[in-house]
Amino acid sequence: MLFGKKSGIKNKNRERYDRVRRLMWLKCESCGKLVYYRDYKDNLYICPNCNRAFIMTPKQRFDLLFDDRAWERITLPTVTDDPLNFVDRASYKEILIDARNDTGTNDAITTADGTIGGVPSTVCVLNGEFMMGSMGRAVGDAIVASMEHAIEEKRPFIMVTSSGGARMQENILALMQMARTTVAVNKLHANGIPYIVILTDPTFGGVTASFAMLGDIHIAERGARIGFAGRRVIEQNIREKLPSNFQTAEYLYEHGMVDMVVERNELKGALEKILHVLTKQPRAAKPISAVTPEFDASKKIRGMGENDAYDKVLLARHENRPHFLDYINGIVDEWTYLAGDRLYAEDPAMGSGIGYWRGIPAVIIGQEQGRTIETRQKHRFGMANPDGYRKAQRMMRLAEKFGLPLISLFDTAGAFAGREGEERGQSQAVAASIATGLDIKTPYIAVNVGQGGSGGAIAIGTGDRVLMLENAIYSVIAPESCASIRWRDNKYKADAAAAMKLTARDMADLNVVDQIISEPAGGAHTDWQTTMELLASAVADAIADVEKTPRNELPAHRGDKFIAMTRDVEIYGPEHKTEQ
């Protein structure tokens, strides 16, 4: 909203005066405070008082995202106006003329080529200032043409959305754009083109219900409102007051619909990291750097000494042992955490993302147990809900699409046993994770870094190579539970551990794992640096070994490996390496 009083100027210079005045002050539509235009512009069109991020024009978006503000607009198809001769308070033709005069564009879509972090890319912007960014025939044709251009040029495609939905003035012709744009998205995926969606304020209706929610990666701009039906419509329909954060970017993150919520000034940096990995840009391996947290090494671990098997159980559970995010921080470069199952929730018990593992672009998943009381509660001690396993399946398919190795660091006592998990299909989620892992056509390296507990572990453990840290364990049930069931007293837990044959050495003898990775004397918890160096090298070597096999043959080889595994562990089992 523009601010200023009538000045009483009655000459021919009034128009010029009004134009100058508009460039000086704005009134924020969100907080109502006055904003000096230059401050507003310098702050990337975000109100400095309330941090409301307002619509940017296509030119402003291109300048923000492309390297050195260098870009070239591509020519988009045009369509005939007003095919239905629609008239309400004004004719559709008149509305189009006004929108074109206000924005200087033919319709709500503008597309340009440039580079982002040195990667040639195509960016398509849906302009919320042109009839609320609504989608009609012109927008549909432009999106289809833009995506076909990206396929032809083999460029990653970035879609920036701001829209109220399908354009009412074109009725069924607008509705059909939902299907037409989805066809184009399917072609992007079929051709292995990275498709990244940046959801900005507002994005609603037929846009979210089609191409805007079909990306490989979804980035939501902080503060954006995103949904299908509008808040007012929903409240009227259900006759309930909705939460204050309903349909915000943060709300969608919590419910698994977006991978990340990013500040506007951080969008370009986030895109660069993602594109570098997905397009396999070369990168030197970063030096591994890990500091072992202080702990009382003289303190005797309670329960140690009964037998070797149970000692391994206690070492695998040691509170100072490194976990998933510790390995990520120590080993992985250009890490981008990816969130959400696209169905219901973001499960922090299952970590996932992309980055460089010793210079190798990869997709990495694994259970995170947490370290403090607060983080352990947040991550549920690494016990994932169905949402976590469905997120893992999404990462598996992401790795397959871009031909990236999948690295799994599993470490869990098991899948989470709870009411919500059962209601949302825990068994199906675990089963589908096993099936997806066995089916993907890309190298898959699974590493047991701590507790390999039951179906929760094997759900992300069906790799071409299965590695295991020296003091990790792998079992169908915890030895304490086994003792309670079989011995009817858990004081026999050490006997149960020995009987279950759950150590790394046992797994190698049974041909369940292909390689044991040595740990420092005393265990991984005593020396994170050495542990990570050994783990990082072993995984990199395993990837290099698996990549010798054609990708199309990997699922069959992987399947044969697991089919043969327990028929006769001495005759049919694959050879395994000894400790390194």
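These legends accompany an overview and three close-up views of a predicted model.

**Figure 1. The whole chain at a glance.** Let's start with the full fold: the chain has 580 residues, and buried ones make up 53% of them. Its secondary structure comes to 22 helices and 17 strands. Measured out along the principal axes, the C-alpha trace spans about 100 × 50 × 45 Å. Among contacts with a separation of 6 or more, 72% join residues that are 24 or more positions apart.

**Figure 2. Surface and charge.** The chain exposes about 26600 Å², and 51% of this comes from carbon and sulfur atoms. There are 72 positive and 75 negative charges in the chain, and the mean positions of the two sets lie 7 Å apart.

**Figure 3. A negative patch that includes Asp102.** Here you can find Glu94, Asp98, Asp102 and Glu129, which together form a negative surface patch. Asp102 belongs to helix α4, which covers residues 92-103. Asp102 counts as exposed because its relative accessible area is 67%, above the 50% cut-off.

**Figure 4. Leu469 and its surroundings.** Now we turn to strand β15, residues 465-469, where Leu469 is found. Leu469 has 0% relative accessibility, so this residue counts as buried. Beyond its neighbours within four places in sequence, Leu469 is in contact with Arg321, Tyr327, Asn448, Val449, Ala504, Ile517 and Glu519. If you would like a landmark, Gly370 is 99 residues from Leu469 in sequence, and their C-alpha atoms are 19 Å apart in space.

Key: Residues numbered from 1 in each chain as written. Predicted model: local features only at pLDDT ≥ 70, side-chain atom pairs only at ≥ 80, totals over all residues. Heavy atoms only, no water. Patch = residues over 30% accessible without salt bridge, like charges linked within 9 Å, V, L, I, M, F, W, Y side chains within 5 Å. Areas by Shrake-Rupley, 256 points an atom, 1.4 Å probe, with all protein chains shown as cover. Salt bridge = Lys/Arg side-chain N within 4 Å of Asp/Glu carboxyl O. Lys, Arg positive; Asp, Glu negative; His and termini not counted. Charge placed at Lys NZ, Arg CZ, Asp CG, Glu CD. Helix = DSSP H or I, 4+ residues; strand = E, 2+ residues; numbered from the N terminus. Buried < 20%, exposed > 50% of the residue type's maximum accessible area, 1.4 Å probe, protein only. Contact = heavy atoms within 4.5 Å.
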